Amino acid sequence: MKKICFVLNVSSGINYGSVSAFPLIKNNGDLKKYFSKYYDVSIDYIKDKDVVDFLVVPKPFAPFENENNLPIIEVPTILFMKKDYKEIKSYVDAYFNNEHQK
């Protein structure tokens, strides 16, 4: 099973950047529960950056250091704000479908 990590919090060296700065994005447990049916999921980049294979990053998002040079799947931030998990999944699935065609 593919190990993906939703990058919702990152360290910028001095402080943390978070997609949760938007008031509508608070319960990341729902996101993890939805995607766990399809992927091995993490929502803690800081803790799990060494054990995942792909990063799912809201775009735009605060710059961060991708220390392990993991492949990044960009998804519009608005989808996280709307909690449109089905559409987020379509971006993730499209990435993996395109990856297999290479």
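**Notes on a predicted model: rings, charges and odd backbone spots**

1. Start with the aromatic cluster: Phe6, Tyr34, Phe35, Tyr38, Phe80 and Tyr85 are joined to one another through ring pairs. Keep in mind that this is a predicted model. Over the whole structure, a search turns up 10 aromatic pairs. One of these is Tyr34 with Tyr85, whose ring centres are 5.5 Å apart with the planes at 35°, so the pair is tilted. Tyr34 belongs to helix 1 and Tyr85 to helix 4, so this pair ties together parts that are 51 residues apart in sequence. As for Tyr85, its relative accessible area is 14%, so Tyr85 is buried.

2. Next, have a look at Phe54 and Phe96. They make an edge-to-face aromatic pair, 4.8 Å from centre to centre and with 85° between the planes. Here too distant parts of the chain are linked, with Phe54 in strand 5, Phe96 in helix 4, and the two positions 42 residues apart. Phe54 and Phe96 are both buried. Phe96 also has a charge for company: the charged end of Lys2 sits over its ring, 4.8 Å from the centre.

3. Now for the general layout, in case you want to get your bearings. The chain has 4 helices and 6 strands, and from the N terminus the order reads β-β-β-α-β-α-β-β-α-α. It is 102 residues in length, and 38% of them count as buried. If you take the contacts with a separation of 6 or more, 56% of them come from residues 24 or more positions apart. The exposed area of the chain is about 6,200 Å², and carbon and sulfur atoms supply 51% of that.

4. Helix 1 is worth a turn of the model. Which residues of helix 1 are buried? In this helix, which spans residues 28-35, they are Asn28, Leu31, Tyr34 and Phe35. They cover an arc of only 120° around the axis, so they sit on the same side of helix 1. Tyr34 and Phe35 should sound familiar, since both are listed in the ring cluster of the opening point.

5. On to the charges. How many salt bridges does the structure hold? There are 3. One of them joins Glu67 and Lys49, with the closest N and O atoms 2.8 Å apart. This pair links distant parts of the chain: Glu67 is in the loop between strand 5 (54-59) and strand 6 (72-76), while Lys49 is in the loop between helix 2 (45-48) and strand 5, and they are 18 residues apart. Are the two partners buried or exposed, or something in between? Glu67 has 42% relative accessibility and so counts as partly exposed, whereas Lys49, at 19%, is buried. The cut-off for buried is under 20%.

6. Another salt bridge brings the side chains of Glu74 and Lys59 together, at 3.6 Å from N to O. Glu74 is in strand 6 and Lys59 in strand 5, 15 residues apart, so to speak a link between distant parts of the chain. Glu74 is partly exposed, with a relative accessible area of 45%.

7. Helix 4 has a salt bridge of its own. Asp93 pairs with Lys89, the closest N and O atoms being 2.5 Å apart. Both residues lie in helix 4 (residues 85-100), and their spacing of 4 residues is about one turn of the helix. Asp93 counts as partly exposed because its relative accessibility is 22%, while Lys89 counts as buried because its value is 14%. Lys89 also lies over the face of Tyr38, 4.3 Å from the ring centre, and Tyr38 is one of the residues in the ring cluster.

8. Some backbone details to check while you have the model open. The peptide bond from Lys59 to Pro60 is cis, with omega near 5°, and Pro60 is placed in the loop between strand 5 and strand 6. That loop also holds Asn69, which has a positive phi of about 50° although it is not a glycine. Asn69 is exposed, with a relative accessible area of 67%.

9. Lys83 is another non-glycine residue with a positive phi, near 55°. You will find Lys83 in the loop between helix 3 (77-81) and helix 4. Its relative accessibility is 33%, so Lys83 counts as partly exposed.

Note on methods
Residues are numbered from 1 along each chain as its sequence is written. This is a predicted model: local features need pLDDT of at least 70, side-chain atom pairs count only at pLDDT 80 or more; totals for chains, interfaces and linings use all residues. Side-chain values use heavy atoms; hydrogens and water are left out. A salt bridge is a side-chain nitrogen of Lys or Arg within 4 Å of a carboxyl oxygen of Asp or Glu. Buried means under 20% relative accessible area, exposed over 50%, partly exposed in between (1.4 Å probe, protein chains only). The arc is that of the directions from the helix axis to the C-beta atoms. Rings of Phe, Tyr and Trp (its six-membered ring) pair if their centres lie within 6.5 Å; planes under 30 degrees apart count as stacked, over 60 as edge-to-face and the rest as tilted. A charge sits over a ring if NZ of Lys or CZ of Arg is within 6 Å of the ring centre and within 35 degrees of the ring normal. Contact means heavy atoms within 4.5 Å. Accessible areas come from the Shrake-Rupley method with a 1.4 Å probe; for residues, only the protein chains shown count as cover.
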